[in-house]
Amino acid sequence: SDLSFLSDIGADKKPHKHGSLRDHLLRVFHILKSFGANDILALAGGLHSVYSTSTYKLACLPITSEKVEETFGPEVDRIVKLFCTIDRPQKLENPDGTLSEIDLFLLRCIECANLYDQNELNPETYPNLFEFSKGTIQK
């Protein structure tokens, strides 16, 4: 199951703002599902920082792209890798045209759920993401 996957990669032992990384990833998954995200987007959101990101450096080990792809599919892995490698949240707050429209949409959904879970999704810090979230995360 997905729960054992996160424990298997040690996400339950990585600290995060409110509990463990596993807790945060599960909350992001559920936030996305509760607003109608499909399985691919919700699963990518639930794995969004397993490879470490520009702001969260504690990668889960041992984690491989092959393992994520084998467990959740190639599109989930592609989205997670993209999220983990872009300069975010800056590139999602102020896009520079390097992401396709669909990838920008998917990554913004994940970022909004991520920030929302950490009580950091606000109009002062992220006016564009906050506005975007009104049509997705905050209905």
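Mentor: Two residues are in contact when they have heavy atoms within 4.5 Å of each other. Keep in mind, too, that this is a predicted model. Fire away!

Trainee: Okay, which residues in α7 do R78, I79, L82 and F83 in α5 meet?

Mentor: Helix α5 covers residues 74-85, and its axis runs 11 Å from that of α7. With that contact rule in hand, look along α7 for the partners of R78, I79, L82 and F83. They turn out to be D103, L106, L107, I110 and E111.

Trainee: And how many of the residues in the contact of α5 with α7 are nonpolar, polar or charged?

Mentor: Just sort the residues of that contact by class. There are no polar ones in the contact of α5 with α7. The charged ones number 3, and the nonpolar ones come to 6.

Trainee: How are α5 and α7 oriented to each other?

Mentor: Start from the packing angle, which is about 75°. Angles of 65 to 115 degrees count as roughly perpendicular. That range takes in this angle, so α5 and α7 are roughly perpendicular.

Trainee: What about α4 and α5, how do they lie to each other?

Mentor: Their axes are 7 Å apart and the angle is about 135°. Roughly antiparallel needs over 145 degrees, and roughly perpendicular stops at 115. Neither label fits, so α4 and α5 are oblique.

Trainee: Which residues in α5 do S65, V68, E69 and F72 in α4 meet?

Mentor: By class, the contact of α4 with α5 has 4 nonpolar, 1 polar and 3 charged residues. On the α4 side sit S65, V68, E69 and F72. Facing them in α5 are P74, V76, D77 and K81.

Trainee: Let's zoom in on E69. Is E69 exposed, partly exposed or buried?

Mentor: E69 sits in helix α4, where it touches P74 and D77, leaving out residues up to four places away in sequence. Its relative accessibility is 38%. Buried needs under 20% and exposed needs over 50%, so E69 counts as partly exposed.

Trainee: Now rings! How many aromatic pairs does the structure hold, and what kind is the one of F5 and F72?

Mentor: The structure holds 2 aromatic pairs. In one of them, the rings of F5 and F72 are 4.9 Å apart centre to centre, with 90° between the planes. Planes over 60 degrees apart get their own label, so this pair is edge-to-face.

Trainee: How many residues apart are F5 and F72?

Mentor: F5 belongs to helix α1 (residues 2-8) and F72 to helix α4 (residues 65-72). Both are buried. The pair links distant parts of the chain, and the gap is 67 residues.

Trainee: What kind of pair do F105 and F132 make?

Mentor: Their ring centres are 5.6 Å apart and the planes meet at 75°. That passes the 60 degree mark, so the pair is edge-to-face.

Trainee: Which parts does this pair tie together, F105 and F132 being 27 residues apart in sequence?

Mentor: F105 is partly exposed at 37% relative accessibility, whereas F132 is buried at 17%. Find each one's helix and you have it: F105 is in α7 and F132 in α8. So the parts tied together are helix α7 (residues 101-117) and helix α8 (residues 127-134).

Trainee: Last one: how many disulfides does the count come to?

Mentor: Check C109, which is buried at 5%, and C112, buried at 0%. The sulfur of C109 has its closest cysteine sulfur in C112, 7.0 Å away, so that's too far for a bond. A disulfide needs the sulfur atoms within 2.5 Å. The count comes to 0.

How values were computed. Residues are numbered from 1 along each chain as its sequence is written. This is a predicted model: local features need pLDDT of at least 70, side-chain atom pairs count only at pLDDT 80 or more; totals for chains, interfaces and linings use all residues. Side-chain values use heavy atoms; hydrogens and water are left out. Rings of Phe, Tyr and Trp (its six-membered ring) pair if their centres lie within 6.5 Å; planes under 30 degrees apart count as stacked, over 60 as edge-to-face and the rest as tilted. Helices (H or I, at least four residues) and strands (E, at least two) are DSSP runs, numbered from the N terminus. Buried means under 20% relative accessible area, exposed over 50%, partly exposed in between (1.4 Å probe, protein chains only). Axes are lines fitted to C-alpha atoms, for helices over the stretch in contact, and angles run from 0 to 180 degrees between N-to-C directions. Angles under 35 degrees count as roughly parallel, over 145 as roughly antiparallel, 65 to 115 as roughly perpendicular and the rest as oblique. Ala, Val, Leu, Ile, Met, Phe, Trp, Tyr, Cys and Pro count as nonpolar, Asp, Glu, Lys and Arg as charged, and the others, Gly among them, as polar.
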